[in-house]
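Visitor: I would like to go through this model by asking about a few of its parts. Where shall we start?

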Amino acid sequence: MFDYQAPENLLQNKNILVTGAGEGIGRAAALSYASHGATVILLGRTEEKLDAVYDQIEAEGYPQPATITLNLETANETDFDNLAATLEQEFGQLDGILHNASIIGLRTPLESYDPTVWKKVMQVNVNSAFMLTQALLSLTETSKDASVIFTSSSVGRVGKAFWGAYAVSKFATEGMMQVLADELEHNPDIRINCINPGATRTNMRASAYPAENPMDNPAPEEIMPLYLYLMGHDSRAINGKSLNAQ
Ligand code: NDP
């Protein structure tokens, strides 16, 4: 596991957007960021799940969060621009984005991969992260210590049979992170990196490996040290890197 002990107030006064915050790793990251003082903006497609995370954050007495219900499969440039305008109006500044939402698509050979599913996976995993980043970049550049984190996977570093669009989308994510990090290299106040969570006990993992005992993998809460490290000021000097949470 990545070794980092976050100070309790690591993310105090920070506004952090987490996509796919309704369950799994995104939910754990949102709760963890809030517990370290951040105001989290919970983005996801299922309102009830976001509301449950919202209620939990409130019940714990962490800073009051916000929720944004948005389907990243169908959202267009206008939706992202509207989202940016709302965040600017409500928060004035954005200190972090965790691009976490993804779908897995099919586990089939490329030869028989359904093109409709291919496009859907690329839309959710890559295109929406691009459009969201583009819309929000100027808002993050108002922060003196901003961090943008993309979520990768081991199949986004070495191609693996039958992982189809998901693997290709994660290669694209690593590429997008590197291009953006290089473009912003001159700005010490913003950093762009990737996290590869590694096998983690979530619904996505269970759907990809139905025969596996879920208890063999760590819970999302256990992989949070890297998520905290990259979001907080201790990682100021890290830019353009892809790090393993485990
Ligand atoms: P889950 O499937 O458990 O959670 C994914 C989240 O993304 C859900 O909250 C889901 O919302 C949201 N989401 C999916 N599609 C959309 C959409 N169209 N619009 C908005 N939100 C959407 O996944 P994990 O927590 O396991 O994965 C989190 C990240 O980690 C992903 O990027 C994944 O690729 C990566 N990863 C995970 C690994 C693992 O072992 N778990 C290993 C390697 C990488 P809803 O709940 O409404 O469906």
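Guide: With the ligand shell, bearing in mind that the model is predicted.

Visitor: Which class, nonpolar, polar or charged, has 14 residues in the shell around the ligand?
Guide: The shell includes 8 nonpolar residues and 5 charged ones. The class with 14 residues is polar.

Visitor: Which residues come nearest to the ligand?
Guide: Helices α1 and α6 (203-208) each supply at least two residues of the shell. Of the 27 residues around the ligand, those that come nearest are G20, G24, T46, S102 and T202.

Visitor: How far apart are the end C-alpha atoms of helix α2, and what span should its residues give?
Guide: Helix α2 covers residues 47-60, which is 14 residues. At 1.5 Å a residue, α2 should span 20 Å, and this agrees with the distance between its end C-alpha atoms, 20 Å.

Visitor: Against which elements do the buried residues of α2 pack?
Guide: K49, L50, V53, Y54 and I57 are the buried residues of α2. They lie on the same side of the helix because their arc around the axis is only 140 degrees. On the other side of α2, E48, D55 and A59 are exposed. The buried residues pack against α1 (24-35), β2 (39-44) and β3 (66-69).

Visitor: Which helix gives the most to the largest nonpolar core?
Guide: This core has 66 residues, and among those touching the most other members are I16, V18 and V40. With 8 residues, the helix that gives the most to the core is α5 (residues 164-183).

How values were computed:
Residues numbered from 1 in each chain as written. Predicted model: local features only at pLDDT ≥ 70, side-chain atom pairs only at ≥ 80, totals over all residues. Helix = DSSP H or I, 4+ residues; strand = E, 2+ residues; numbered from the N terminus. Expected span 1.5 Å × (residues − 1). Buried ≥ 20, exposed ≤ 12 C-beta atoms within 10 Å, placed from the backbone. Arc of directions from axis to C-beta. Contact = placed C-beta atoms within 7 Å. Near = placed C-beta within 6 Å. Nonpolar A, V, L, I, M, F, W, Y, C, P; charged D, E, K, R; others polar. Core = buried A, V, L, I, M, F, W, Y, C linked by C-beta atoms within 7 Å.
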